[in-house]
Amino acid sequence: MTEQNALSQIYLDANATTPVLEKAADAALITMRTMFGNPSSSHITGLQAKQIMERTRGKAQQVIGSGQGHIIFTSGATEGIQTAILSALCEAKKHLDDNKQYTLLYGATEHKAVPESLRHWNKVLGVNAEVKAIPVDRTGKLDHEFIAAHIENALMICTMAVNNETGVYQDLQALEQTIRTVNPSVFWMVDCVQALGKRALNIAHTSIDYAPFSGHKLYAPKGIGFVYIREGAPFTPFIAGGGQEGGLRSGTENIHGMAALEVIFDELLKTDNAAFASFEQLQTYRTQLSETLKQAFPTITFNHDFENSVPTTLNFAIPGFSSKEIMDLFDAANIRVSSGSACSSKVTRSFVLDAMGLPAWQSESAIRMSFGPATTQQEITEACDRIKHCAQALGHSCLLQHNNTVSEKEALDGLVQFKVGGACCWLFVDGASKSAVIIDPLAELVDRLKTIIQCQQLNVVAVLDTHGHADHESSRIELVNQLDNCDHLGWPKATKSVTLKGHHLDSIQCGDFDIAKLPTPGHTQDSVSYLILDKSNDSEEIKYLFCGDLILMGALGRTNFATSSAAAMYESLLIVKNISDQGTILCPSHDYNNEFATTIEAECKRNTLLNDVLKGQLSLASFVEQKSIVDQQINDESGSEILCGASVCSKASFELKEFSARDLEQHLLQHPTTALIDIREPHEYALHHAQQFDQNVPLTRLVDFIARFGQDKSKELILVCRSGSRSQVAAQALARLGFSNIGHLKGGYALADLPR
Ligand code: PLP
């Protein structure tokens with residue numbers, strides 16, 4: 001990638017919104033400057049504005065083939081949807097029979113605006129119909145049998161021409177046949193937002209009553225859209241007022257938006273030399289992207305059939321990677337994609353793919369790549385190039401099977417923390433000997449761990465569980481079939497022993513380190529802790545203490561399972577205190593609040609129950625009594641999730657220095673010894689980073705970093721990531737563990753890159 005290319009963005013999120021076509025932006029600007037009149041004014045400036053409006057309306061009629069139907073300009077599709085539903089339900093309400101149960105039908109994969117508006121107006125107007133989702137099949141096609149069975153008593157049916165997440169289109173002719181055979185008069189709305197410019201529309205030849213459209217999905221600005229109303233279809237204005245649009249939609253018209261929209265219609269009506277690529281060209285683009293993706297990520301699965309979806313949308317999942325991970329990766333390569341729809345990008349799964357009955361992992365890992373008719377061959381070629389780089393970067397950080405073996409520089413050394421939901425899994429590597437141990441393996445991570453082991457050529461000496469977990473199965477067997485000579489927690493039978501502060505502990509060797517087992521019953525009877533002991537100095541020193549669910553961040557492990565014992569936990573806590581130091585890094589098997597790891601010192605500051613036990617201020621009997629009260633709260637609060645620790649204190653929040661990009665620049669000039677740390681994953685860092693970083697410390701390596709740099713907690717560290725959220729979380733964790741001079745870049749790279 002050239003430096004220039006690395007900086008320019010490739011925008012592949014057209015289904016969320018599009019940039020404004022340059023010609024359209026020019027038309028809007030000219031209109032704002034010179035033809036800014038109010039179309040209701042009778043002077044020349046007003047007449048000119050009115051002409052733009054009527055010209056645009058005429059072209060909209062041609063583009064969608066609206067015949068005698070009306071085109072009403074709106075602010076966008078959401079308003080068009082309100083207009084349609086309000087109109088249909090106001091009319092339907094006049095003819096309701098009290099003895100009948102009515103329904104309002106909508107496709108299960110519809111944009112959220114549709115079911116939400118149906119429910120809203122159904123309630124506000126007191127229609128009290130049942131709002132029902134029409135199921136879709138595995139390919140996203142509406143279930144026609146369901147429609148045929150439910151349409152008789154339906155007041156309205158809402159379907160979509162093209163789905164925004166998958167690009168799947170419906171056969172509108174077949175749908176019409178199904179609907180009208182049973183119910184010739186039911187009101188039918190078709191959301192055409194994602195069809196404009198991608199599917200031929202000839203609306204007047206159908207019995208569709210209402211069809212909303214949106215400008216910003218096809219290179220016009222946000223804030224302009226239109227709705228088609230079939231001739232004779234009932235209409236109730238959604239916005240009343242000055243009587244604009246013949247009284248159908250009041251409010252002074254968005255003339256510059258219409259001027260831009262007119263340019264888009266011109267492009268759609270052109271037969272050659274248009275700014276928009278032909279359908280065949282768009283198909284070629286999709287083939288290029290999909291072939292590159294398949295090559296780069298051989299295990300990729302596409303979440304829809306290309307045969308029944310528009311060529312501008314690709315929705316896929318890569319096994320072993322969450323949507324968030326792939327989005328972060330692509331964002332680092334300056335390719336903009338989304339997980340599911342833009343409106344729900346904070347949600348970790350897709351209701352559209354769920355409705356299609358796809359496996360949970362496909363929904364949780366879904367990535368939508370969408371482009372538009374104005375996308376160019378150059379952009380697609382560059383995108384393909386960057387996709388290949390993304391896969392290579394994952395290969396280099398041993399997250400993807402790749403032919404490369406790791407170089408000296410990328411070889412793992414130290415501790416890696418993986419998380420799945422609130423559960424943690426730890427991988428410790430002695431870099432010199434390539435010996436490794438895995439603690440608390442998780443099924444979801446098996447493939448990832450296998451890839452790392454193979455790529456890093458690790459010799460796994462043990463895969464250990466800290467106890468039999470209630471909320472997940474140990475996946476030890478899947479990871480190491482040769483290690484069968486061990487107990488049910490994976491501890492090898494033939495061991496040595498070490499003595500630590502008077503305690504004789506079984507131990508095994510992992511390169512230059514000893515791993516010792518310390519029984520710490522309480523959470524369960526079989527609970528143990530594992531200690532990684534550094535032998536490099538004469539005495540054995542605890543580097544990490546993996547305490548399972550004994551001490552969690554802000555909590556103690558629950559003790560109300562059948563094999564739990566609060567009394568045993570009391571003793572275990574005292575043993576851990578006795579064998580370790582205040583600052584020993586405790587690595588638990590759960591981290592519900594993104595706090596990574598802890599120490600006795602940090603926990604005693606906020607966990608009074610623990611503090612009182614360790615300071616000898618609480619008797620065994622009182623601990624057992626208090627612990628049972630705390631455990632009871634978990635049962636009341638946890639809902640369906642099995643929480644392994646009773647949270648006795650809320651997540652601590654520390655004052656952090658927050659920098660804007662500009663302040664940071666200044667600050668670094670004045671404080672040259674400050675360390676600037678990129679907190680993104682190594683593959684993101686490899687794809688895009690400024691030169692001035694002192695170090696890359698991804699979240700998976702934060703605990704390792706704490707162990708290595710814990711001696712110098714007063715040094716100023718400033719953390720940076722993509723959006724500012726990971727750096728904030730990491731900075732909080734460091735501050736809690738006593739790092740006293742921590743700051744982060746608020747808003748991350750995303751805002752730092754903005755032109756000012
Ligand atoms: N319908 C579909 C299929 C969409 O994709 C969107 C936009 O995400 C909408 C409706 C809402 O459109 P607007 O943003 O113009 O209100």
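Is T103 buried or exposed? At 6% relative accessibility, T103 counts as buried, because the cut-off for that class is under 20%. This residue is found in strand β3, which covers residues 103–107. Leaving aside neighbours within four places in sequence, T103 is in contact with A129, E130, K132, H150, N153, A154, L155 and M156. The values here, like those below, come from a predicted model.

The chain as a whole can now be described. The protein chain has 756 residues, and buried residues make up 55% of them. Its secondary structure comes to 24 helices and 30 strands. Taken along the principal axes, the C-alpha atoms fill a box of roughly 95 × 65 × 45 Å. Of the contacts with a separation of 6 or more, 68% are between residues 24 or more positions apart.

The chain is divided into four parts: domain 1 (4–18 + 277–396), domain 2 (76–249), domain 3 (406–638) and domain 4 (657–751). Domain 1 is thus written as two stretches of sequence, 4–18 and 277–396.

Next comes the interior. The largest nonpolar core has 60 residues, and those with the most contacts inside it are I64, I157, I203, F213 and F226. Helix α8 (residues 255–269) gives this core its largest share, eight residues. Domain 1 and domain 2 each contribute at least three residues to this core. I203 shows what the surroundings of one core residue look like: beyond four places in sequence, I203 touches I64, G65, C192, I208, A211, F213 and Y228. Two of these partners, I64 and F213, are also listed with I203 among the residues with the most contacts inside the core. A second, separate core has 56 residues, including L282, L329, V429 and C455.

Where do domain 1 and domain 3 meet, and which residues supply most of the area on the domain 1 side? Over C-alpha atoms, the centres of the two domains are separated by 39 Å. Five residues from domain 1 and four residues from domain 3 take part in the contact. The area buried between the two domains is about 300 Å², and carbon and sulfur atoms give 27% of that area. On the domain 1 side, G320, E325 and H396 supply 79% of the area buried against domain 3, more than any other three residues. The rule finds one salt bridge across this interface, along with two residue pairs in polar contact. E325 forms a salt bridge with R448, with the closest N and O atoms 2.8 Å apart.

Side chains of opposite charge can pair when their charged atoms come close. The structure holds 41 salt bridges, and three of those within helices can be followed in turn. In helix α13 (residues 377–396), R386 and E382 lie four residues apart, about one turn of the helix. Their side chains meet in a salt bridge at 2.9 Å, N to O. R386 counts as buried because its relative accessibility is 0%, and E382 counts as buried at 14%.

Helix α19 (residues 620–637) holds D631 and K627, again four residues apart. The salt bridge between their side chains is 3.0 Å from N to O. D631 counts as buried at 2% relative accessibility, and K627 counts as buried at 1%.

The third pair, R708 and D704, lies in helix α22 (residues 702–709), with about one turn of the helix between the two residues. The closest N and O atoms of this salt bridge are 2.5 Å apart. Here R708 counts as partly exposed, because its relative accessibility is 41%, whereas D704 counts as buried at 6%. Elsewhere, salt bridges that share partners join K324, D328, D331, R336, E684, R722 and R726 into one network.

The last residue to consider is K746, placed in the loop between β30 (742–745) and α24 (748–752). K746 counts as exposed because its relative accessibility is 51%, and the cut-off for exposed is over 50%. Apart from neighbours within four places in sequence, K746 is in contact with E658 and F659. The C-alpha atoms of K746 and F321 are separated by 27 Å, and the two residues are 425 residues apart along the chain.

Notes:
Residues are numbered from 1 along each chain as its sequence is written. This is a predicted model: local features need pLDDT of at least 70, side-chain atom pairs count only at pLDDT 80 or more; totals for chains, interfaces and linings use all residues. Side-chain values use heavy atoms; hydrogens and water are left out. A nonpolar core is a set of buried Ala, Val, Leu, Ile, Met, Phe, Trp, Tyr and Cys residues joined through side-chain atoms within 4.5 Å. Buried means under 20% relative accessible area, exposed over 50%, partly exposed in between (1.4 Å probe, protein chains only). Domain bounds come from an automatic or database domain assignment. Contact means heavy atoms within 4.5 Å. Buried area is the accessible area (1.4 Å probe) that two parts lose on being put together, summed over both. A salt bridge is a side-chain nitrogen of Lys or Arg within 4 Å of a carboxyl oxygen of Asp or Glu. A polar contact is a pair of N or O atoms within 3.5 Å; within protein, one must be able to donate a hydrogen and the other to accept it, and residues adjacent in sequence count only if both atoms are side-chain atoms.
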